Amino acid sequence: MTGTLLRIEGLTARYGTVQVLHGVDLEIGSDEIVALLGPNGAGKTTLLRALSRVVSSRGRMVFDGTDISSWSGARTATSGVGHVPEGRGTFVDLTVDENLRLGALARPRELKSTAGADLDMVYETFPVLQDMRRRTAGLLSGGQQQMLAVGRALMARPRLLLIDEPSLGLAPIVTRQLFDVLAQIRRRWSVSLLIAEQNARLSLEIADRAVVLAKGQVAVSGSAEELGYGDAVRRAYLGVANDEEGGKGAGR
Amino acid sequence: MRHVSRLIPRLGWIIALGIGVILPLLVSDFDLLDLSRVLTLAMAVAGLNLLVGHSGQVSVGHGAIFGLGGYAAMIPVVSFGWPWWAGVLLAAVLSLAFGILLGIPALKMGGANLGLLTIAVAVVFPLLLIRFQPLTGGTFGMFLPSPAISLPDSGFTSRQLEFWVCLLALAVVFVALRNLVHGRLGRALAAVRTSSLLAAANGIAVNRVKLIAFAVSSTVAGVAGALYALVVSIAVPDSYVFTFSIALLAASVIGGSRSWAGAIIGAAIIVYLPTLAEAFVGGQAAGNWSQFVYAAGLALCLIVAPSGIAGAVTSLLGRAFAYAPMRRAVVERSTDMRTTSTAP
Amino acid sequence: MTELLQQTLDGLSAGLIYGILALALSVVFQGTGMLNFAQGEMATLSAFVTLVFLQFGMPFWAVLPIVIVLSALGGALIERTVVRPLERSGELPLLTLGVALLLGINAMMAIIWGTNSRPFPSPFGQGVVTSLGLRMTYQQLGSLITLLAVLTVTILVFNRTSIGLRLRAVAQNPDSATLLGQHRGKWLMIGWGIAAAVGAFAALVAAPVLTLSPGMMTFPLLLALAAATLGGLTSRVGAVVGGLIVGVSNSLAGRYIPGLDGDLAIVVPFVITAIVVVIKPAGIFGKARTVRV
Ligand SMILES: Nc1ncnc2c1ncn2[C@@H]1O[C@H](COP(=O)(O)OP(=O)(O)OP(=O)(O)O)[C@@H](O)[C@H]1O
Ligand SMILES: [Mg+2]
């Protein structure tokens, strides 16, 4: 890693009275791909949404040297943090082209002039979108909508791209293609990726590092190799879950 | 603690009924007229509450149904010499039929479209009254030369008798609606209101349940309208214009569309606000000012007391007596949803 | 034959008023999910404000831009102050808020200007154009051109500019739009402003014909509601087409269906709307998927 792009310390978040994140620490370097793994309900989505400032949270969040923890969602989005939401967030009644142009509206001011070239680059990265430029986005298949979502976020020229469950509802072969593209994106768009995923194997293939979240806390983190080969991920998933369940059971 | 908190409202109703029964012996005939108006309007608003508060449907046309009931009672009583209760009965039958007739297509449309259909009814109704002049008396409407409800030898005035009749009718309506809401239909309505999709999946005949609510609500409004017209001895198209329909809807919300006491509060506001305004600004401006205050109150209520005046009072009392914890929990959850979905 | 054409023409020019008002309703509905019953009274208020300026001796065409800007600001202000707190509370509270605004603005105008009708000068002057046996007053012709221009500009703004793109995006998927840097609140406010400005035109061209009074737009608003429902609340084009259908059917019914002359002709557009909605609940151009309930 060439330098720290994002550093969060002691991040907590709650929905009403239910606390979901219990002090998460995380670092992401420039041009790094980090896989965010963890069972359902671990708080992955919440963590990404907190980073995008659409869920209120406490704790330090330093992005590119600036503390962003008091920023609004809109400001974060236009300052280099892209977010591909869970469920893709497609604007179903807009055309594919309009969806992408919408992404470009979040570009930093100084990059407005290069939007055209980036649009071409998105179409180059996802040729299937080019063929469907004028189509209503709601008519795209799930996989195409996922590509559209990534393309739309890239149009904002983020430095950090948060991707929430890209494999959700996709056929294995499509997922594989998508991850191949994600692996290339980092160099072509010089962007760091934080990918929340259930598919640990595939994520670890393209990631440099992985962080396993369980019950709102970081359970394990390390390089993708360590976690992948040692099968530590599975142990961390199950191990943590079992320990906690056991503890609760004993308390009852 | 639990049964005490349940007893308090019941006791309150019994005391209120008791006061109601002796009230005609204490206040002047002049005041009784307004009080009877409150009772009948409260009935209509309660019917609307069943729709708005308990089944999640909107009617912007209950003023017209109220008027339909009024004319259905006035025409036979004035023109054909029927006894007043027969007129009320006819009003009930006609408004029930009308509710079903209106409800069927309305359900097919669903959502905002039901609102539109009822608006159309509210708008067209007074025009039709004027058009069918031979039957309805046109613009001048129907006029009762002498009170319809009277017992000449009883020693009670018509105003007193009217009040008792209205009170009895309101009590019957309240009890009936309450039982309806707490019974099987009520549970079905609650399910439909939360999610009609889910309700349908659980084997509830969504459309039938909604239709029943609409028909009952319409019947209640019709009977209320009949009594109202008989009490004030007049029915004119101008009384049943679009703004009256929306005033009823607003009364339901201001009072609290999930509270029966709220219906009385809402009705009292409709009746007394103009009088009150007149005390401050005289003449024609009074009507405008009372409409303005009404609107401002309505907006304020929506924002600060979304469950209406009765709802706000209940939850205040609840805090004092630990009453109605369920409702508070629901409110809390929904506000949480709101805060989580916006940035700090 | 000529008479039929004439009736149709009259219906179209009235229908354009309903269409413009329906367009305003649709802009608000798409953004806020609210049927704004007060859209008509807001427009009437714009006309009253215009009259105040005119009484100072300012020429109409100088007053027009001022009033349009003021209307937009007023619309935005209403969104910001009273609609915003209820934004996520569902259909019924929003509908009731529309009722409150309708009653409130109506009463306010009655308090300030009284309930009597006032003459409102036609900006297009007196006169009649006759061609092919059809006649149109200058007022009608001028209104037609003005409203067509407003319509074109509005549609272009929505479909061709980035303002429109943002407005549509926020209306459609506010959460996703936030992640792309769009402030939901800001754009809803702008949407209300645009709707109020567009609606103001409807009142300004209607006032010389109907004469100005606080209740002037009550009937047109109801027809606009029918129009928007008929054409599809989620579709701007649908709103306008719905307006034209409502206008023409109202005009023809009043002339040709016995017993439905005068006010009562309003039954026909409502019946047409009801039939259409039973067949296609989202309206002719509406998309069921995006209707927020
Ligand atoms: N809007 C909300 N209101 C209340 N609780 C919520 C909300 N969203 C999520 N939660 C709760 O927060 C916890 C974490 O949810 P989150 O969506 O972050 O998990 P996740 O790791 O993304 O799970 P998944 O893999 O299933 O997507 C869960 O227990 C969930 O029930
Ligand atoms: Mg998730």
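**Architecture of chain C and the magnesium site of chain A**

The secondary structure of chain C comprises 11 helices and 2 strands. Read from the N terminus, the elements follow the order α-α-α-α-β-β-α-α-α-α-α-α-α. The structure described here is a predicted model, with an ipTM of 0.88 and a pTM of 0.85. For chain C, the average pLDDT is 89, and 98% of the residues score at least 70.

The overall dimensions of chain C were examined next. The C-alpha trace spans about 60 × 50 × 35 Å along its principal axes. The radius of gyration of chain C is 19 Å, in agreement with the value near 19 Å that a compact globule of 293 residues would have. Of the 293 residues in chain C, 58% are buried. Among contacts in chain C with a separation of 6 or more, 73% are between residues 24 or more positions apart. The accessible surface of this chain amounts to about 11000 Å², and carbon and sulfur atoms contribute 69% of that area.

The two strands of chain C form a hairpin. Strand β1(C), residues 128–131, pairs with β2(C) in the antiparallel sense over 4 bridges. One of the residue pairs joined in this way is Ser131(C) with Leu134(C), the latter lying in β2(C). The hairpin has 2 residues between the strands, and Leu132(C) adopts a positive phi near 55°. Strand β2(C), residues 134–137, has two distinct faces: Leu134(C) and Met136(C) lie on the covered face, whereas Arg135(C) and Thr137(C) lie on the uncovered one. Leu134(C) thus belongs to the covered face of β2(C) and is also the bridge partner of Ser131(C).

In chain A, attention was directed to the magnesium ion (ligand 2). The protein donors of this ion are Thr45(A), through OG1, and Glu86(A), through OE, at 1.8 to 2.3 Å from the metal. These two residues are 41 residues apart and link distant parts of the chain. Thr45(A) is located in helix α1 of chain A (residues 44–51), while Glu86(A) is in the loop between β6 (81–84) and α3 (96–104) of the same chain. The relative accessibility of Glu86(A) is 40%, and this residue therefore counts as partly exposed, a class that lies between the limits of 20% for buried and 50% for exposed residues.

Technical notes:
Residues are numbered from 1 along each chain as its sequence is written. Chains are lettered from A and ligands numbered from 1 in the order in which they are written. This is a predicted model: local features need pLDDT of at least 70, side-chain atom pairs count only at pLDDT 80 or more; totals for chains, interfaces and linings use all residues. Side-chain values use heavy atoms; hydrogens and water are left out. Donors are N, O and S atoms within 2.8 Å of the metal (3.2 Å for Na, K and Ca); water is not among the atoms, so sites may look incomplete. Buried means under 20% relative accessible area, exposed over 50%, partly exposed in between (1.4 Å probe, protein chains only). Two strands pair if DSSP finds at least two bridges between them. The radius of gyration is taken over C-alpha atoms; the globule rule is 2.2 Å times the number of residues to the power 0.38. Contact means heavy atoms within 4.5 Å. Accessible areas come from the Shrake-Rupley method with a 1.4 Å probe; for residues, only the protein chains shown count as cover. pLDDT is the predictor's confidence in each residue, from 0 to 100.
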